[in-house]
Amino acid sequence: MGRLNQQKTIVNNNSYKFTLPKGDDKYINIPIEIKWDFLGQGDAVEEYQQNVVEDIVGFPGDFEVLRFAHAPYSSDTKTDIKYNFHFFSDLQPDSNGNLVPTVPVNPSTLVTTAPSNYWVTSYVPEGFTETEIYYYVKSFTKSFFKLDFYDSKDTITQTNYFTVILPVQQGFTVSASTSPYKPSVQIKIPSFKLDYVGDKEGFFLYWLRNKKFLNISKFYMTAKFFDARLGVFVKMTNTPQSNITSKFMFDPEIYFYYEVRLNYNEKTYEVWDNSVRRGTSVPIKWYEYINP
Amino acid sequence: MDDIRIVLGSLRYKTATDTNLSIPTPLVQNTKNLEEFDRSIDVNLVQIFDDERQKSTTFRPVCKFQVLFNNSYTGATNYEPLENNLYYINETALTLKQCGASLNSVQWEGFPQYDEFDFIRSDYNVSGYTVPIPSTATPPLQPMVHVDFVARSASTYNWNHFVSYPYKNIDKVMNYYDGTNPLTPSLVWNAVDGIPFFVKIDDSTGASIANGITPNPLLEGGNPIIRFKCPVKHGLLESEFVKIKLSSGYVNTFQVFSFGDGLPGTDEYIFNIFNIGYSASIFIDGDTGTFKRIINYENPNDTTSKYYVIQHKIITDVNDAVLVNAGFEKNIFGTKKKFESPVYTPNNVKRVSIKENAQSYTLSFNKDIDVSELRDNQKRPISELYITTIWKGYFGLTFGSVDNNGNDVGLKQGFDFNLSPVDNLFNTPQPWWEGNNVESNFVDSNNNPYPIGYYNTPYGTVNGAPIDFTYLKSLKSGDTINGNFCEWNDYEQKERVISEMYHKFTFNSDLFDMSLMDDNNNQLGYYYKPNRRMKIRGFSDYIETGSINSMAGVPDYSYFSTTYNSFIWRDLYTYGFNDGLGNGVDYPFLNGKHYPYENFIFRIIPEGTNYIESNLNNYATLYGAAQPTKDNCE
């Protein structure tokens, strides 16, 4: 709208022509009609609505898990992962004078002086006899190794995101005697070589394929052995206590964990210990931890 | 305001005077509140789920394979790693023969074990075959092993699995052998020319002609007819038309009069036209030709079918496939295995050998399949994915021959009408499968055979040279392979599979001697179907049409009929909708992805399973088993 203070004929709004009387100021309504609207108002409303709904109910996250296999090594020709679990034993001479692992009577005392060869890959020091192992008694077959995967080493804040179970039915065997009157037999030992074929339970780690929900590329692995004979868990360290200066007062972040690195592109994982890859030609070694 | 014209008063007519005019022209401000339904919505989880589902274009296909395999061919070998690992036959006689004979002079006989065909090889610990035997020489020689087993490759040594989709339509030369002449194809045609046929105008046979018997014209209900026999299902309906092209070049359109020759099961393979007295020079008994189906002869542009071979494009790589044993599932045929006593083995090692197994497998993929950018062979949004399985044969027991030009003969391909042997004894494959026939090569988009890889082992020689162990090099994402022979009709907007694609592999005769059955140029072998359909979207049962004056709602994949001046298409059903006719899909949707699932039976088919019934002196003279038809009593 414009205010006119002239006594002339004006032409406005294209072809409109008006003659104005002299005298008072006159006002004229100029028909500048403005019909304005947001461009794509409907779309904007819909988008806004979508955003609000997303805020309220969330978006469709991807919680699908995928299997991560042990990363190849040895020029990509091998993929197996090796675990050796060592139980604390008391080495005592047998009838021939050879030192053989036995169940320690007072482990918390013995561990203060025992050298590292007192930790052996055998179920015998844990209390299972060769006969029980060979005949797969329930207390043996119901036992298992439990690998827990945490997001950090800090026991206060860490979260256990997943667990892998290694059954005792897997693993290598050694020759053993169940009776002096019977031929020797092959019994299981807690030494595993897991791969795509053969023993494969625990070989694959199943974890989220998409990092959007939980962006974790590095896990920290601990190990326990569930002894079904006694119904207790036996905790494991990555170093025999004989090699730890302070056998009961050490930093758990150093001795209870291996680092597991996930490769989301290749869908593989690697196990590391102090910047050295483990599980390949050098097995991942776990040692029974003896409480004071 | 555009229509208002204001004229000065004195100009309105001769004596008119000027007058003040006032035109109320308001400054209009149109402001409006958003409608109630625009401002607030109900948060409905079911609706939100469905919105997300309809919007998602990402798929994670999963399937289960039940492998059906009858280990059918025995052979002999003295290639040590294979000889020590056969499922033996005649082992008693061979053991006696071995006594006193020089080393390697006796070829042990048997079946290759099931691991040679299994989806996941489990023979990872066989000394000398998959585990190296270290050399004891000084300095040490190459360890003795056929293939140093890589566990990661256990699921890719024999077979490779991919996801593919129908990418485009191509032409292919096709041959059909009906057994009348084992060496010459009875029909040779191009896929785009349609469906081939033999012409029959009278009741003559080879024997009647030889005996000088005058043939009688073919009649049906007293009406003279001309009969057309097809090696595949013709796909015609009553009152439809056929555009026939004879070997002479004669082309014309006829209405179908009837189907079959009166024998059960022939309706789908034989059609007849009314013979109004066509010149004997046009239709000649025994002549051949091709036809195309026409629904409406007044509108041949839109209603004539097109014929083609589908070309698939592979969209995953070998390592994207995750193949695992399927829980506890076994097929009903069980495992056939036996104990090989050490006395009855060439290396005196006891073991259990397996001839056939029953394990099922689950296949999934690491890679998400986004179909938003993909169009099928009809330029429509993707409605089907295919699980493609290709024989690789890395252990080198198959392939190995060369054609007349010295080129390697690898995997061969053909259609189901090529599977039947051409003799009664079932030991002569159709010449289609000969190594020299380039039309049956397993080829890429440039029609070049997919390459063959080689390796040698420390064991065995042929003519003083190391044995070449050959295998098909793995395909990769972006490669193309040929698929089914199909018919498409624009008017119906529907595709029909006329004949399915099969692959064939044969044994390496340098390695595995099948005696009389291993004609080097055309051996007996195993067939399998490479492509298995996984439906991910359904097209409507009805056909939509749209005018050019109202384009809203017309999808971009619609067909424009110049005759009707309108668009024709089938609607894409939404996910989760089923029209009751099996056209929709409803499979899980979670994680923002679709999870289509299928159960597949994977048959590895030995020669002779498919046959031409005429060779068995049966009543049907066409390829394919005559299926009993339901009559009015049933």
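Two strands pair if DSSP finds at least two bridges between them. The model used in these exercises is predicted.

**Exercise 1. Strand 22 and its partners**

Task: Find which strands pair with strand 22 of chain B, and in which sense.

Solution:
- Step 1. Take strand 32 (residues 531–535) of chain B. Five bridges join strand 32 to strand 22, in the antiparallel sense.
- Step 2. Pick a residue pair. Met534(B) in strand 32 has Leu385(B) opposite.
- Step 3. Take strand 6 (residues 159–170) of chain B. Strand 6 and strand 22 are antiparallel too, over six bridges. Here Trp391(B) of strand 22 is the bridge partner of Trp159(B).
- Step 4. Check the cover. Strand 22 spans residues 384–391, and seven of its eight residues are buried.

**Exercise 2. Edges of a sheet**

Task: An open sheet of chain B has the strand order 17-20-2-38-31-30-23. State which strands stand at the edges, and why one side of each is left without a neighbour.

Solution:
- Step 1. Read the ends of the order. Strand 17 (321–330) and strand 23 (412–415) of chain B stand at the edges.
- Step 2. Give the reason. Each has a single partner strand, so one side lacks a neighbour in the sheet.
- Step 3. Add the pairing. The seven strands show mixed pairing. Strand 17 and strand 20 (residues 359–365) of chain B, however, are antiparallel over six bridges. Val324(B) has Thr362(B) of strand 20 as its bridge partner.
- Step 4. Add the turn. Neighbouring strands of this sheet are turned by 30° against each other on average, direction ignored.

**Exercise 3. The surroundings of Met501(B)**

Task: Decide whether Met501(B) is buried or exposed, and list its contacts outside the sequence neighbourhood.

Solution:
- Step 1. Locate the residue. Met501(B) belongs to strand 30 (residues 501–506) of chain B.
- Step 2. Apply the cut-off. A residue is buried if 20 or more other C-beta atoms lie within 10 Å of its own. Met501(B) has 22, so Met501(B) is buried.
- Step 3. Leave aside neighbours within four places in sequence. Met501(B) then contacts Gln413(B), Phe415(B), Asn482(B), Gly483(B), Asn484(B), Pro530(B) and Asn531(B).

**Exercise 4. Backbone exceptions**

Task: Find where chain B has a cis peptide bond, and where Ser239(B) and Asn447(B) sit with their positive phi.

Solution:
- Step 1. Recall the background. Most residues other than glycine have a negative phi, and most peptide bonds are trans.
- Step 2. Take the cis bond. It runs from Thr138(B) to Pro139(B), with omega near -10°. Pro139(B) lies in the loop between strand 5 (108–112) and strand 6 of chain B.
- Step 3. Take Ser239(B). Its phi is about 75°. Its loop joins strand 11 (223–229) and strand 12 (241–246) of chain B. Ser239(B) counts as exposed, with 10 C-beta neighbours inside 10 Å.
- Step 4. Take Asn447(B). Its phi is near 65°. Its loop lies between strand 23 and strand 24 (452–455) of chain B. With 12 C-beta neighbours inside 10 Å, Asn447(B) is exposed.

**Exercise 5. Helix 1 of chain A**

Task: Compare the span of helix 1 of chain A with the expected value.

Solution:
- Step 1. Helix 1 covers residues 41–57, 17 residues in number.
- Step 2. From first C-alpha to last, helix 1 reaches 24 Å, close to the 24 Å expected at 1.5 Å a residue.
- Step 3. Check the cover. The count of buried residues in helix 1 is zero.
- Step 4. Look just past the end. Gly58(A) takes a positive phi of about 85°.

Technical notes
Residues numbered from 1 in each chain as written. Chains lettered and ligands numbered in written order. Predicted model: local features only at pLDDT ≥ 70, side-chain atom pairs only at ≥ 80, totals over all residues. Helix = DSSP H or I, 4+ residues; strand = E, 2+ residues; numbered from the N terminus. Contact = placed C-beta atoms within 7 Å. Expected span 1.5 Å × (residues − 1). Axes fitted to C-alpha atoms, helices over the stretch in contact; angles between N-to-C directions.
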